[in-house]
Amino acid sequence: MDLGPFLFLAFLEGTVTAFVLALTALGLSLVFGVMRIVNVAHGEFFMLGAVLAWVCSSLIESSALAGFALALFVAPIVVGAIALATDWGILKRVKYNPESTIVATIGLLYIIQQLVLSFYGPEARPVAAPIYFRVSFPWFGYSGYKLVVAVLSAAVLLASWYGISRTRLGLYMRATQQDMEMAQAFGVPVRRVYATVFVLGAMLAAMAGVLIVPVQQAHYLMGLDPLLLSFIVVIIGGLGSLKGTVVAAFVIGISDGMISVFFSPTLAKILATLLVAAVLVIRPTGLFGEDTA
Amino acid sequence: MNRRLTHKVLLLHLSIVAGLFLAQFFLPEYHHTNLARIMVLATFAAGYNVLFGYTGLMSLGHAMFFAAGMYATGLSVYYLDFGALSAFFLGIAAAAAVAVLFGLFALRTSGVSFLIVTMMFGQACYLTILYFNTITLGDQGFTLSNNLAPLEIGQQQFAFSNPSVKFNGAWILFSISFVLSMVIAASPLGRVLVAIRENDERTKLLGYNTYLYKLMALVVSGSIAGAAGAGYALLFSYVGASFAAILYSIYPLLWTLLGGAGTTLGPLIGTGTMFYLIDIASGYTTAYLFVVGGSLLILVLWFPKGIVGSIRDRWIKWLP
């Protein structure tokens with residue numbers, strides 16, 4: 001087999017990674033954009049989504065599709081509820097101070113990790129794909145489920161775009177992002193917008209976790225990689241810029257997939273971090289970011 | 001000479017240094033080893049405190065400096081048969097070099113971006129150690145006991161396997177970093193760093209090049225952290241990638257917060273308290289991450305000034 005098919009395979013892998021990464025990073029970016037805080041436990045919400053998908057699939061063992069559908073419904077709700085409790089119990093109390101929030105969410109990260117380790121265990125557990133078919137290309141067959149992941153992610157991304165740009169909630173969110181005090185003066189319920197955005201961000205991560213779990217097994221430490229990649233994406237794209245987040249997710253996702261196929265996933269993450277260093281030299285605020293400091 | 005370095009302050013610091021030295025004659029063996037370890041880790045926290053406590057820059061990637069010191073020292077002993085002292089200074093130099101390089105990029109960002117960037121580079125450093133596993137032996141770790149010659153000073157030989165050498169090595173390391181923190185806190189440099197913490201823009205307006213000062217703070221902080229890493233490798237004879245992992249970037253933050261950020265005593269108190277909290281907790285459960293996560297949450301919600309910070313607020317106002 002010569003280079004062409006390899007490149008194509010790497011490109012496919014990268015595209016699937018990119019879609020899932022876009023979902024995860026969008027949640028992080030949304031929370032930062034509107035609330036000006038960074039949620040370090042974001043990767044753990046992703047991990048919880050994956051673990052809950054395993055729980056759902058083992059509840060309904062007869063049908064992988066039913067288990068998956070249940071997970072797609074249950075995981076975002078459970079994780080959203082945890083996020084709501086976090087917002088009410090922790091974030092509101094530290095008045096959304098950026099540094100306190102980061103310390104608090106690091107605390108939350110270890111608590112969630114330990115909870116999953118204690119109750120779910122240290123094993124990586126596989127979840128069967130809800131639908132199994134192969135797409136055959138002239139050179140190799142490709143798991144059809146991975147393409148389903150890309151399509152579903154694209155649908156969620158589109159829905160998010162619609163929600164942000166065409167609905168009242170989206171208007172509130174954009175108003176809060178531009179000027180929180182002014183928005184409040186115009187009657188935007190800022191506190192409720194904060195809670196909603198935090199919950200939605202967590203739900204996006206959980207959904208990404210559910211989608212990825214048939215490809216990648218559920219494990220209590222799996223949240224770190226998506227967190228790191230999401231950080232890379234939001235810094236390159238510009239903190240708070242949704243367009244930047246999606247564009248950067250594709251750049252990083254596809255290059256990550258390519259380098260992972262040809263060399264190693266570890267090298268891909270190191271190179272992506274070096275790319276961040278390069279971007280910081282040229283534009284400290286990221287490619288699409290406005291000055292947020 | 002300096003109004004802030006009063007006799008009271010000097011006396012307090014010197015008596016703590018002396019007290020730690022005397023402790024080795026009274027402590028039972030188990031706590032003797034623990035205190036040696038605590039002093040090395042408190043050095044790491046003291047380095048972190050220069051950046052976080054005094055300059056107000058929170059880093060989530062300090063493990064990279066600790067690991068730079070640890071690996072430069074460890075690898076030079078393991079492969080090149082360096083002596084303990086030259087390996088130790090190589091460790092500090094490596095950490096300082098990493099700090100300069102990192103600072104040139106990371107300090108271009110500020111606020112939340114800086115935090116994210118530190119975490120990212122810290123993790124990249126960890127992955128780099130794993131990636132070059134054939135050289136660094138990262139995931140297994142390695143010991144130095146077969147390669148490290150005893151330290152010779154004059155006619156005396158000091159073998160690092162001797163508990164008393166471990167203790168006094170750790171004591172010297174900590175005492176230097178402790179006195180250095182005291183001097184920095186009292187010096188004009190320290191006052192500028194605090195001014196940057198309180199208000200970066202105003203400090204700039206007063207004519208200080210805050211970028212350079214921040215870079216300086218980062219390099220001092222990283223070098224002390226690197227010295228701790230180098231000391232750890234020599235005294236406890238172990239080098240492993242787990243010390244570069246994210247948890248070892250969170251620990252110094254936790255220790256400093258618990259002890260009191262921006263106090264010279266905080267790192268030691270915080271490290272000691274946390275060490276024994278985890279030690280006691282692990283007698284009951286393996287779930288020690290609850291202790292780490294729970295303490296972070298409690299500190300942020302109800303106890304943001306830490307132990308020494310609260311004491312300073314209520315009772316002893318002159319603590320540096």
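In chain B of this predicted model, buried residues, defined as those under 20% relative accessible area (exposed being over 50% and partly exposed in between, with a 1.4 Å probe and protein chains only), make up 57% of the 320 residues. Local features were considered at pLDDT of at least 70 and side-chain atom pairs at pLDDT 80 or more, whereas totals for chains, interfaces and linings use all residues, and side-chain values rest on heavy atoms, with hydrogens and water left out. Residues are numbered from 1 along each chain as its sequence is written, and chains are lettered from A, and ligands numbered from 1, in the order in which they are written.

Chain B contains 14 helices and 4 strands, these elements being DSSP runs numbered from the N terminus (helices H or I of at least four residues, strands E of at least two). The radius of gyration of chain B, taken over C-alpha atoms, is 19 Å, close to the 20 Å that the globule rule (2.2 Å times the number of residues to the power 0.38) gives for 320 residues, so chain B is as compact as a globular protein of that length. Along the principal axes, the C-alpha atoms of chain B fill a box of roughly 55 × 45 × 45 Å. Of the contacts (heavy atoms within 4.5 Å) in chain B between residues at least 6 apart in sequence, 78% join residues at least 24 apart. The area exposed by chain B, from the Shrake-Rupley method with a 1.4 Å probe, is about 13,800 Å², of which carbon and sulfur atoms supply 66%.

Internal space was examined on a 1 Å grid over the protein atoms alone, where a cavity is a set of points at which a 1.4 Å probe fits but cannot get out, a pocket is an open set with protein on both sides within 12 Å along at least five of seven lines, and lining residues have an atom within 4 Å of a point. Grid points are joined across faces, edges and corners, and a volume is the space filled by probe spheres set on the points. The search of the whole structure finds 1 cavity of 30 Å³ or more, and the largest cavity has a volume of about 40 Å³. Its lining consists of Leu224(A), Leu227(A), Leu228(A), Phe231(A), Met119(B), Gln123(B) and Ile246(B), with the largest share, 4 residues, coming from helix 9 of chain A. By class, this lining has 6 nonpolar residues, 1 polar and no charged, where Ala, Val, Leu, Ile, Met, Phe, Trp, Tyr, Cys and Pro count as nonpolar, Asp, Glu, Lys and Arg as charged, and the others, Gly among them, as polar.

The second largest pocket holds about 880 Å³ of space. Of the 34 residues that line this pocket, those closest to its centre are Ser242(B), Ala245(B), Leu247(B), Tyr248(B) and Tyr288(B), although helix 4 of chain A gives the most to the lining, with 5 residues. The lining of the second largest pocket comprises 24 nonpolar, 6 polar and 4 charged residues.

Within helix 4 of chain A lies Ser118(A), which is partly exposed at a relative accessible area of 42%. Apart from neighbours within four places in sequence, Ser118(A) is in contact with Ala287(B) and Phe290(B).

Most residues other than glycine have a negative phi. Arg36(A), in the loop between helix 1 (3-35) and helix 2 (42-59) of chain A, nevertheless has a positive phi near 60°, and this residue is partly exposed at 30% relative accessibility. Asp81(B), in the loop between helix 3 (63-80) and helix 4 (84-106) of chain B, likewise has a positive phi, of about 55°, and is exposed, with a relative accessible area of 55%.
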